[in-house]
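Here's a quick briefing for anyone meeting this structure for the first time. Have a look at the picture, then read on.

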Amino acid sequence: MPKKILRWGGLAFLVFFIAFRPQSAANAVTAIGNSLLDIANGFGDFFASLGGS
């Protein structure tokens with residue numbers, strides 16, 4: 001039951017955030033995307049350095 005409440009609460013917050021603060025929501029998504037890209041590049045560099053010696 002608590003999982004269901006948290007899930008619906010999170011969804012309601014997400015809809016509210018996007019509806020009333022679209023620029024902030026877009027900035028948050030951009031920041032998350034850039035962070036994921038940095039992590040992926042880091043993993044790529046790591047594995048490239050393992051096999052490239």
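What radius of gyration does the protein chain have, set against a compact globule of 53 residues? The chain has 18 Å, while such a globule would be near 10 Å (taken over C-alpha atoms, with the globule rule being 2.2 Å times the number of residues to the power 0.38). Bear in mind that this is a predicted model, where local features need pLDDT of at least 70, side-chain atom pairs count only at pLDDT 80 or more, and totals for chains, interfaces and linings use all residues. Residues are numbered from 1 along each chain as its sequence is written, and side-chain values use heavy atoms, with hydrogens and water left out.

**Overall build**
- The protein chain has 2 helices and 0 strands (DSSP runs numbered from the N terminus: helices are H or I with at least four residues, strands are E with at least two).
- Along its principal axes, the C-alpha trace spans about 50 × 30 × 5 Å.

**Surface**
- Just 2% of the 53 residues are buried (under 20% relative accessible area; exposed is over 50%, partly exposed in between, with a 1.4 Å probe and protein chains only).
- The accessible surface comes to about 4,800 Å², and 72% of that belongs to carbon and sulfur atoms (Shrake-Rupley method, 1.4 Å probe; for residues, only the protein chains shown count as cover).

**Helix H1**
- H1 covers residues 2-20, and its end C-alpha atoms sit 27 Å apart, which agrees with the 27 Å its 19 residues should span (1.5 Å times one less than the number of residues).
- The number of buried residues in H1 is 0, so this helix lies largely in the open.

**Helix H2**
- Ala28 has its place in H2, residues 22-51, and counts as partly exposed because its relative accessibility is 31%.
- From Ala28 to Phe13, 15 residues apart along the chain, the C-alpha separation is 14 Å.
- Ile39 is in H2 too, and with 48% relative accessibility it counts as partly exposed.

**Aromatic pairs**
- There are 4 aromatic pairs in the structure (ring centres of Phe, Tyr or Trp, using its six-membered ring, within 6.5 Å; planes under 30 degrees apart are stacked, over 60 edge-to-face, the rest tilted).
- Phe16 and Phe20 make a tilted pair, because their centres are 4.8 Å apart and their planes at 40°.
- These two are 4 residues apart in H1, so about one helical turn separates Phe16 and Phe20.
- Phe43 and Phe47 are stacked, at 6.4 Å centre to centre and 20° between the planes.
- Ring pairs also link Phe43, Phe46 and Phe47 into a cluster.
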